[in-house]
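Visitor: I would like a close look at a single part of this model. Please walk me through its surroundings step by step.

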Amino acid sequence: MSDQQIFYTPVQGKTYSLFAEGADSEPYYATIKHLADDFLRRRPDARKLLNLIQQAGKKSFLLKSTRADRQLLQFIRETLRQSLSIYTRRVSEHLQSLTWAQRRDPTIATPEEQYHLYMLEIELVNRIYREEFKRAAYKFALLAHCLRDFRLECRSVEGDIEAVCRHCTEDCLIHLGSVLLEKYGIKPYISVEMEQEKLFRKLKREHPSLGALGIACIPELAQGMRLCLRTGIPPVGIPLDANRCARWMSRAHETSFNLAQLEELLE
(Lines give C-alpha, C1' and ligand atoms only; values in the text may rest on other atoms or scores of the structure.)
Protein backbone atom coordinates (compact mmCIF):
# COMPACT_ATOMS: atom_id res chain seq x y z
CA MET A 1 0.00 0.00 0.00
CA SER A 2 1.56 3.32 -1.05
CA ASP A 3 1.16 7.02 -0.29
CA GLN A 4 -0.39 6.36 3.11
CA GLN A 5 0.31 9.87 4.35
CA ILE A 6 -2.28 11.47 2.08
CA PHE A 7 -5.01 10.18 4.39
CA TYR A 8 -3.53 11.83 7.47
CA THR A 9 -4.67 15.03 9.12
CA PRO A 10 -2.70 15.72 12.32
CA VAL A 11 -5.05 15.55 15.30
CA GLN A 12 -4.75 16.14 19.04
CA GLY A 13 -6.38 13.79 21.51
CA LYS A 14 -7.67 14.31 25.01
CA THR A 15 -4.39 13.12 26.50
CA TYR A 16 -1.98 12.20 23.71
CA SER A 17 -1.18 12.56 20.03
CA LEU A 18 1.34 10.47 18.10
CA PHE A 19 1.69 13.37 15.69
CA ALA A 20 3.15 15.60 18.43
CA GLU A 21 3.88 18.69 16.32
CA GLY A 22 4.58 16.84 13.07
CA ALA A 23 2.64 15.94 9.95
CA ASP A 24 2.54 12.17 10.58
CA SER A 25 3.22 9.58 13.25
CA GLU A 26 6.30 7.95 11.67
CA PRO A 27 8.73 9.70 14.06
CA TYR A 28 6.85 8.19 17.00
CA TYR A 29 7.26 4.67 15.64
CA ALA A 30 10.94 5.24 14.92
CA THR A 31 11.39 6.46 18.50
CA ILE A 32 9.57 3.61 20.23
CA LYS A 33 11.40 1.00 18.15
CA HIS A 34 14.75 2.58 18.97
CA LEU A 35 13.87 2.66 22.67
CA ALA A 36 12.81 -1.00 22.65
CA ASP A 37 16.08 -1.95 20.94
CA ASP A 38 18.04 -0.05 23.58
CA PHE A 39 16.22 -1.66 26.52
CA LEU A 40 16.56 -5.12 24.97
CA ARG A 41 20.31 -4.68 24.82
CA ARG A 42 20.18 -4.24 28.59
CA ARG A 43 17.63 -7.05 29.16
CA PRO A 44 17.86 -9.34 26.08
CA ASP A 45 15.00 -11.64 27.13
CA ALA A 46 11.99 -9.81 25.63
CA ARG A 47 9.47 -11.72 27.73
CA LYS A 48 11.26 -10.87 30.97
CA LEU A 49 11.48 -7.24 29.92
CA LEU A 50 7.76 -7.24 29.10
CA ASN A 51 6.96 -8.74 32.50
CA LEU A 52 9.04 -6.04 34.19
CA ILE A 53 7.11 -3.33 32.34
CA GLN A 54 3.73 -4.89 33.08
CA GLN A 55 4.50 -5.25 36.78
CA ALA A 56 6.10 -1.80 37.13
CA GLY A 57 3.20 -0.16 38.96
CA LYS A 58 2.60 -2.92 41.50
CA LYS A 59 4.01 -2.26 44.96
CA SER A 60 4.14 -5.99 45.72
CA PHE A 61 6.36 -6.55 42.67
CA LEU A 62 8.72 -3.72 43.58
CA LEU A 63 9.08 -5.02 47.14
CA LYS A 64 10.25 -8.45 45.95
CA SER A 65 12.16 -7.33 42.85
CA THR A 66 15.93 -7.40 42.63
CA ARG A 67 18.15 -4.33 42.80
CA ALA A 68 19.03 -4.86 39.13
CA ASP A 69 15.34 -4.84 38.19
CA ARG A 70 14.69 -1.65 40.15
CA GLN A 71 17.68 0.09 38.60
CA LEU A 72 16.68 -0.97 35.08
CA LEU A 73 13.09 0.12 35.66
CA GLN A 74 14.24 3.50 36.94
CA PHE A 75 16.41 3.93 33.83
CA ILE A 76 13.51 2.89 31.56
CA ARG A 77 11.07 5.29 33.19
CA GLU A 78 13.41 8.25 32.93
CA THR A 79 14.42 7.44 29.34
CA LEU A 80 10.79 7.06 28.31
CA ARG A 81 9.89 10.36 29.98
CA GLN A 82 12.64 12.20 28.14
CA SER A 83 11.77 10.62 24.77
CA LEU A 84 7.97 10.33 24.83
CA SER A 85 6.69 13.34 26.78
CA ILE A 86 6.29 15.24 23.51
CA TYR A 87 3.41 12.85 22.69
CA THR A 88 1.64 13.10 26.07
CA ARG A 89 1.57 16.82 26.76
CA ARG A 90 -2.15 16.94 27.59
CA VAL A 91 -2.23 14.22 30.23
CA SER A 92 -1.59 16.51 33.18
CA GLU A 93 -4.31 18.96 32.17
CA HIS A 94 -6.73 16.08 31.63
CA LEU A 95 -6.04 14.54 35.04
CA GLN A 96 -6.59 17.87 36.79
CA SER A 97 -10.01 18.19 35.14
CA LEU A 98 -11.36 14.81 36.28
CA THR A 99 -14.30 14.50 38.63
CA TRP A 100 -14.09 12.27 41.68
CA ALA A 101 -16.06 9.57 39.87
CA GLN A 102 -13.81 9.75 36.80
CA ARG A 103 -10.72 9.34 38.95
CA ARG A 104 -12.00 5.89 39.88
CA ASP A 105 -11.81 4.78 36.23
CA PRO A 106 -8.23 3.47 35.82
CA THR A 107 -8.31 3.98 32.05
CA ILE A 108 -9.51 7.58 32.13
CA ALA A 109 -7.16 8.32 35.04
CA THR A 110 -4.06 6.78 33.44
CA PRO A 111 -0.98 8.77 34.61
CA GLU A 112 1.50 10.13 32.07
CA GLU A 113 4.24 7.71 33.11
CA GLN A 114 1.86 4.80 32.53
CA TYR A 115 1.18 6.04 28.99
CA HIS A 116 4.90 5.78 28.30
CA LEU A 117 5.09 2.29 29.78
CA TYR A 118 2.05 1.23 27.74
CA MET A 119 3.72 2.53 24.56
CA LEU A 120 6.74 0.34 25.23
CA GLU A 121 4.53 -2.59 26.26
CA ILE A 122 2.61 -2.48 22.97
CA GLU A 123 5.88 -2.50 21.01
CA LEU A 124 7.21 -5.46 23.01
CA VAL A 125 3.99 -7.46 22.69
CA ASN A 126 4.05 -6.95 18.92
CA ARG A 127 7.63 -8.20 18.75
CA ILE A 128 7.03 -11.23 20.96
CA TYR A 129 3.69 -12.42 19.56
CA ARG A 130 3.76 -11.26 15.93
CA GLU A 131 4.83 -14.61 14.43
CA GLU A 132 2.48 -16.63 16.65
CA PHE A 133 -0.35 -14.32 15.62
CA LYS A 134 0.49 -14.75 11.94
CA ARG A 135 0.47 -18.56 12.30
CA ALA A 136 -3.03 -18.63 13.84
CA ALA A 137 -5.64 -20.41 11.74
CA TYR A 138 -8.30 -17.80 12.56
CA LYS A 139 -7.36 -14.16 12.95
CA PHE A 140 -9.71 -11.29 13.76
CA ALA A 141 -9.30 -7.55 14.32
CA LEU A 142 -11.24 -4.99 16.34
CA LEU A 143 -11.09 -1.44 14.94
CA ALA A 144 -12.16 1.54 17.02
CA HIS A 145 -15.44 3.02 15.75
CA CYS A 146 -14.00 6.57 15.89
CA LEU A 147 -11.93 5.70 12.81
CA ARG A 148 -14.98 6.03 10.60
CA ASP A 149 -15.53 8.91 8.17
CA PHE A 150 -17.53 11.41 10.25
CA ARG A 151 -18.69 13.32 7.16
CA LEU A 152 -21.19 10.56 6.41
CA GLU A 153 -23.45 8.30 8.42
CA CYS A 154 -21.75 4.95 8.93
CA ARG A 155 -23.51 2.17 6.97
CA SER A 156 -21.86 -0.73 8.79
CA VAL A 157 -24.01 -3.78 9.45
CA GLU A 158 -24.10 -6.25 12.30
CA GLY A 159 -21.72 -9.16 11.79
CA ASP A 160 -21.36 -12.45 13.61
CA ILE A 161 -19.50 -10.90 16.56
CA GLU A 162 -19.49 -7.12 15.92
CA ALA A 163 -20.31 -4.61 13.20
CA VAL A 164 -18.61 -4.98 9.79
CA CYS A 165 -17.68 -2.32 7.26
CA ARG A 166 -19.68 -2.01 4.02
CA HIS A 167 -16.98 0.06 2.32
CA CYS A 168 -19.27 2.99 1.59
CA THR A 169 -16.51 5.62 1.28
CA GLU A 170 -12.95 5.38 -0.02
CA ASP A 171 -11.49 7.81 2.55
CA CYS A 172 -12.78 6.06 5.67
CA LEU A 173 -9.98 4.55 7.72
CA ILE A 174 -12.21 1.67 8.75
CA HIS A 175 -12.63 0.88 5.04
CA LEU A 176 -8.91 1.25 4.36
CA GLY A 177 -7.96 -0.78 7.41
CA SER A 178 -10.50 -3.50 6.63
CA VAL A 179 -9.24 -3.87 3.06
CA LEU A 180 -5.66 -4.23 4.31
CA LEU A 181 -6.61 -6.69 7.04
CA GLU A 182 -8.61 -8.84 4.64
CA LYS A 183 -5.57 -8.94 2.33
CA TYR A 184 -3.75 -10.79 5.12
CA GLY A 185 -6.62 -13.13 5.96
CA ILE A 186 -7.81 -11.24 9.04
CA LYS A 187 -11.53 -10.72 9.67
CA PRO A 188 -12.11 -7.05 10.59
CA TYR A 189 -14.83 -5.84 12.92
CA ILE A 190 -15.79 -2.41 14.21
CA SER A 191 -15.55 -2.32 17.99
CA VAL A 192 -18.44 -0.40 19.50
CA GLU A 193 -19.74 -1.98 22.69
CA MET A 194 -18.92 -5.45 23.86
CA GLU A 195 -17.74 -7.45 26.84
CA GLN A 196 -14.32 -8.31 25.49
CA GLU A 197 -13.41 -11.05 27.95
CA LYS A 198 -16.64 -12.92 27.17
CA LEU A 199 -16.03 -12.47 23.44
CA PHE A 200 -12.42 -13.66 23.60
CA ARG A 201 -13.33 -16.76 25.58
CA LYS A 202 -16.15 -17.57 23.15
CA LEU A 203 -13.85 -17.22 20.13
CA LYS A 204 -11.12 -19.25 21.84
CA ARG A 205 -13.57 -22.12 22.34
CA GLU A 206 -14.62 -21.95 18.69
CA HIS A 207 -11.12 -21.44 17.26
CA PRO A 208 -8.35 -23.11 19.28
CA SER A 209 -5.77 -21.56 16.91
CA LEU A 210 -6.70 -17.89 17.31
CA GLY A 211 -4.99 -14.53 16.92
CA ALA A 212 -6.28 -11.05 17.79
CA LEU A 213 -5.36 -7.62 16.44
CA GLY A 214 -6.49 -4.39 18.04
CA ILE A 215 -6.56 -0.80 16.85
CA ALA A 216 -7.47 1.36 19.84
CA CYS A 217 -6.24 4.19 22.03
CA ILE A 218 -3.07 3.45 23.96
CA PRO A 219 -4.53 2.52 27.39
CA GLU A 220 -7.33 0.41 25.93
CA LEU A 221 -5.01 -1.35 23.47
CA ALA A 222 -2.50 -2.29 26.18
CA GLN A 223 -5.28 -3.52 28.47
CA GLY A 224 -6.87 -5.48 25.62
CA MET A 225 -3.53 -7.13 24.85
CA ARG A 226 -3.20 -8.17 28.51
CA LEU A 227 -6.69 -9.65 28.42
CA CYS A 228 -5.81 -11.61 25.27
CA LEU A 229 -2.70 -13.04 26.93
CA ARG A 230 -4.69 -14.09 29.99
CA THR A 231 -7.11 -15.83 27.65
CA GLY A 232 -4.35 -17.62 25.74
CA ILE A 233 -4.66 -15.53 22.54
CA PRO A 234 -1.54 -14.07 20.87
CA PRO A 235 -2.22 -10.35 20.31
CA VAL A 236 -0.77 -7.59 18.17
CA GLY A 237 -1.96 -4.04 17.71
CA ILE A 238 -1.56 -0.50 16.45
CA PRO A 239 -2.46 2.48 18.66
CA LEU A 240 -4.76 5.23 17.47
CA ASP A 241 -2.93 8.44 16.62
CA ALA A 242 -4.97 10.21 19.31
CA ASN A 243 -7.77 9.40 21.77
CA ARG A 244 -10.83 11.35 20.61
CA CYS A 245 -13.91 9.21 21.25
CA ALA A 246 -16.84 10.11 23.51
CA ARG A 247 -15.29 8.23 26.42
CA TRP A 248 -12.59 10.87 26.51
CA MET A 249 -14.41 13.90 25.13
CA SER A 250 -17.99 15.14 25.35
CA ARG A 251 -18.62 13.63 21.92
CA ALA A 252 -16.76 11.45 19.45
CA HIS A 253 -14.27 13.04 17.06
CA GLU A 254 -12.68 11.38 14.05
CA THR A 255 -9.19 9.99 14.59
CA SER A 256 -6.66 7.94 12.62
CA PHE A 257 -3.96 5.29 12.77
CA ASN A 258 -0.82 4.56 10.78
CA LEU A 259 -1.71 2.27 7.86
CA ALA A 260 1.91 1.82 6.81
CA GLN A 261 2.82 0.58 10.31
CA LEU A 262 -0.12 -1.83 10.24
CA GLU A 263 1.10 -3.34 6.98
CA GLU A 264 4.65 -3.57 8.31
CA LEU A 265 3.32 -5.47 11.32
CA LEU A 266 1.41 -7.92 9.10
CA GLU A 267 4.07 -8.57 6.46
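Guide: What follows is a look at helix 4 and its contacts in this predicted model.

Start with the length. Helix 4 covers residues 67-84, which is 18 residues. At 1.5 Å a residue, it should span 26 Å. Its end C-alpha atoms lie 25 Å apart, so the two values agree.

Now the faces. Which residues of helix 4 are buried? They are Asp-69, Leu-72, Leu-73, Ile-76, Thr-79, Leu-80 and Leu-84. Around the axis they cover an arc of only 135 degrees, so they sit on the same side of helix 4. Arg-67, Gln-74 and Gln-82 are exposed on the other side.

Next, the partners. The buried residues of helix 4 pack against four elements: helix 1 (26-42), helix 2 (46-54), helix 3 (59-64) and helix 7 (112-135).

Take helix 7 in detail. Two packed helices are described by the angle between their axes and the distance between the axes. Here the axes of helix 4 and helix 7 come within 9 Å and cross at roughly 95 degrees. Angles of 65 to 115 degrees count as roughly perpendicular, so helix 4 is roughly perpendicular to helix 7.

Who meets whom? From helix 4 come Ile-76, Arg-77, Leu-80, Arg-81 and Leu-84. From helix 7 come Glu-113, His-116, Leu-117, Met-119 and Leu-120. By class, this contact has six nonpolar, one polar and three charged residues. Ile-76, Leu-80 and Leu-84 are also among the buried residues of helix 4.

Definitions and conventions
Residues are numbered from 1 along each chain as its sequence is written. This is a predicted model: local features need pLDDT of at least 70, side-chain atom pairs count only at pLDDT 80 or more; totals for chains, interfaces and linings use all residues. Side-chain values use heavy atoms; hydrogens and water are left out. Helices (H or I, at least four residues) and strands (E, at least two) are DSSP runs, numbered from the N terminus. The expected span of a helix is 1.5 Å times one less than its number of residues. Buried means under 20% relative accessible area, exposed over 50%, partly exposed in between (1.4 Å probe, protein chains only). The arc is that of the directions from the helix axis to the C-beta atoms. Contact means heavy atoms within 4.5 Å. Axes are lines fitted to C-alpha atoms, for helices over the stretch in contact, and angles run from 0 to 180 degrees between N-to-C directions. Angles under 35 degrees count as roughly parallel, over 145 as roughly antiparallel, 65 to 115 as roughly perpendicular and the rest as oblique. Ala, Val, Leu, Ile, Met, Phe, Trp, Tyr, Cys and Pro count as nonpolar, Asp, Glu, Lys and Arg as charged, and the others, Gly among them, as polar.
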